[in-house]
Amino acid sequence: MGFWGIEVKPKKKVVPFASPSAQGRLRITQAILGPGSSTEKAILQCFTNPERSVYLCVLTPDKTDSCSLELEFDEDDNVTFSVIGSRSIHLSGYFLTDDGES
Amino acid sequence: MGFWGIEVKPKKKVVPFASPSAQGRLRITQAILGPGSSTEKAILQCFTNPERSVYLCVLTPDKTDSCSLELEFDEDDNVTFSVIGSRSIHLSGYFLTDDGES
Amino acid sequence: MGFWGIEVKPKKKVVPFASPSAQGRLRITQAILGPGSSTEKAILQCFTNPERSVYLCVLTPDKTDSCSLELEFDEDDNVTFSVIGSRSIHLSGYFLTDDGES
Amino acid sequence: MGFWGIEVKPKKKVVPFASPSAQGRLRITQAILGPGSSTEKAILQCFTNPERSVYLCVLTPDKTDSCSLELEFDEDDNVTFSVIGSRSIHLSGYFLTDDGES
Amino acid sequence: MGFWGIEVKPKKKVVPFASPSAQGRLRITQAILGPGSSTEKAILQCFTNPERSVYLCVLTPDKTDSCSLELEFDEDDNVTFSVIGSRSIHLSGYFLTDDGES
């Protein structure tokens, strides 16, 4: 499995390693604002535990519709993603290969 | 083969590994809006199966004419690209080398 | 430990390797403006010794809310981060793996 | 040889591996608009053969004066670069090392 | 030594490998406009010999205060940096590790 992509919808908590085929070290490289008419900012937030979070990107409709990222996660990092705002954020990336294999 | 480049035209589905010389792990790094006068946004969409897609980039004529990407695909990922909008998107990138060879 | 993220608050000096689990070579890849209403610029500054500093990024509220970075630090670099301005900066990144392990 | 840089002037075709010391896999990472007063867009175009080309970046004077790229070329790719527009484009990058050596 | 950072002041020529601890292959990843009130553009220029130069980035006060780069230099490249304009440019990056060591 090379490519990885998910949609983080508002008011949902998303775990990046949810799919059974999601294994290894994940690199997330792009965030795109999902469809919708709200002009409100959408912020991607990453919780490393229930009380502690850090912002990963800010998307502003019609101004910053996409944002390149460079983030890597291990399966045991136990992070969750959520969106602050009313539009979804589409994330894409890929699983890193070990020693040139995928 | 190092360099890789294709044009994704509106209303066409494009498979990244179409050419016989397209082998190995492909890294796509840039999207550029093709020529045209429409000022409508062009969105690059990636289908991982017929019902499930994720947005990969959004280009806005005269505002965001290009977008850097970092995406990797294996031949067995079976993805297809298409454009939402009326202008084409030019994609470029390269095939990753195994152990320093191309 | 893969993912790394901290908040650099105004008037605080932050050491990147403060947590006991923070070990190895750290790669910082994203800076995001924290919440707040001030429209003043926030500049991330890195001190390599008490008299010598270099700017690492400039964030402007509602214009440049995020900035991608590519910085690497060793534990013995002994740098400290601080913010010029009145809003915090959220930094994220990851620890580099040795030989494919995390 | 690490660093690589050339200027692609309007109405000229440029071959990236022209210099005798230009050997190995070349990575191009930045495009900058050259000096001049024309406000016309400058597009960097890459020909993989005389009839087939793809856009690599679009620069707009006073709006997008520079653009980061991530492109890799092998000597046997036989590509040529040209500019659509009336200002030159300065390209920079470096030769990739084999196995950690430069 | 991991982190590397310098300030390129107007009318000064700067050699990237000036410090005795500056050894190995240097990767420069970020340029930031230094403090000042001039609204004039600042261009980072790289001389590969006294007559030949290429632009590496263009910074525009209050519009493009920072620019990400990806440039690599070997000690024997013998390049010098200078700024066209009246404000300084802060450069940051790091020394590449050989085989996972720093």
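Here are some worked exercises on the interfaces, salt bridges and cysteines of a predicted model.

Local features need pLDDT of at least 70 and side-chain atom pairs count only at pLDDT 80 or more, while totals for chains, interfaces and linings use all residues. Residues are numbered from 1 along each chain as its sequence is written, chains are lettered from A and ligands numbered from 1 in the order in which they are written, and side-chain values use heavy atoms, with hydrogens and water left out.

**Exercise 1. Describe the interface of chain C and chain A, starting with how many residues each chain gives.**

Step 1: count residues. Chain C puts in 26 residues and chain A puts in 24, where contact means heavy atoms within 4.5 Å.

Step 2: get the area. The two chains bury about 1,900 Å² between them, with 48% of it on carbon and sulfur atoms. Buried area here is the accessible area (1.4 Å probe) that two parts lose on being put together, summed over both.

Step 3: look at the polar side. The rule finds three salt bridges across this interface, a salt bridge being a side-chain nitrogen of Lys or Arg within 4 Å of a carboxyl oxygen of Asp or Glu. C:Arg27 pairs with A:Glu70 in a salt bridge, with 2.5 Å between the closest N and O atoms. There are also 15 residue pairs in polar contact, both residues at pLDDT 80 or more. For a polar contact, take a pair of N or O atoms within 3.5 Å; within protein, one must be able to donate a hydrogen and the other to accept it, and residues adjacent in sequence count only if both atoms are side-chain atoms.

Step 4: find the elements. On the side of chain C that touches chain A, two or more residues each come from strands E1 (3–8), E2 (26–33), E5 (66–73) and E7 (89–95) of chain C. E7(C) gives the most, with six residues. Strands (E, at least two residues) and helices (H or I, at least four) are DSSP runs, numbered from the N terminus.

Step 5: sort by class. That side of chain C has 10 nonpolar, 12 polar and four charged residues. Ala, Val, Leu, Ile, Met, Phe, Trp, Tyr, Cys and Pro count as nonpolar, Asp, Glu, Lys and Arg as charged, and the others, Gly among them, as polar.

**Exercise 2. Is C:His90 buried or exposed, and what does its side chain reach in chain A?**

Step 1: place the residue. C:His90 is in strand E7 of chain C.

Step 2: check accessibility. C:His90 has a relative accessible area of 3%, so call it buried; the cut-offs are under 20% for buried, over 50% for exposed and partly exposed in between (1.4 Å probe, protein chains only).

Step 3: look for partners. The C:His90 side chain gets to the backbone nitrogen of A:Tyr55 at 3.0 Å. Leaving aside residues up to four places away in sequence, C:His90 touches residues including A:Val54, A:Tyr55, C:Gln30 and C:Pro35.

**Exercise 3. Work out which elements hold A:Arg27 and its salt-bridge partner in chain B.**

Step 1: name the pair. A:Arg27 meets B:Glu70 in a salt bridge, the closest N and O atoms being 2.5 Å apart.

Step 2: map both ends. A:Arg27 sits in strand E2 (residues 26–33) of chain A and B:Glu70 in strand E5 (residues 66–73) of chain B, so this pair joins two chains.

Step 3: check burial. A:Arg27 is buried at 10% relative accessible area, and B:Glu70 is buried at 11%.

**Exercise 4. How far apart in sequence are D:Arg27 and D:Glu72?**

Step 1: find the bridge. D:Arg27 and D:Glu72 form a salt bridge at 2.7 Å, N to O.

Step 2: read off the separation. D:Arg27 is in strand E2 of chain D and D:Glu72 in strand E5 of chain D, 45 residues apart.

Step 3: check burial. D:Arg27 is buried at 10% relative accessible area, and D:Glu72 at 6%.

**Exercise 5. Why is B:Cys67 not bonded to B:Cys57?**

Step 1: recall the bond. A disulfide is a covalent bond between the sulfur atoms of two cysteines; the rule asks for a pair of cysteine sulfur atoms within 2.5 Å.

Step 2: apply the rule. The count is zero disulfides over all chains. The sulfur of B:Cys67 has its closest cysteine sulfur, in B:Cys57, 4.6 Å away, which means it is too far for a bond.

Step 3: check burial. B:Cys67 is buried, at 8% relative accessibility.
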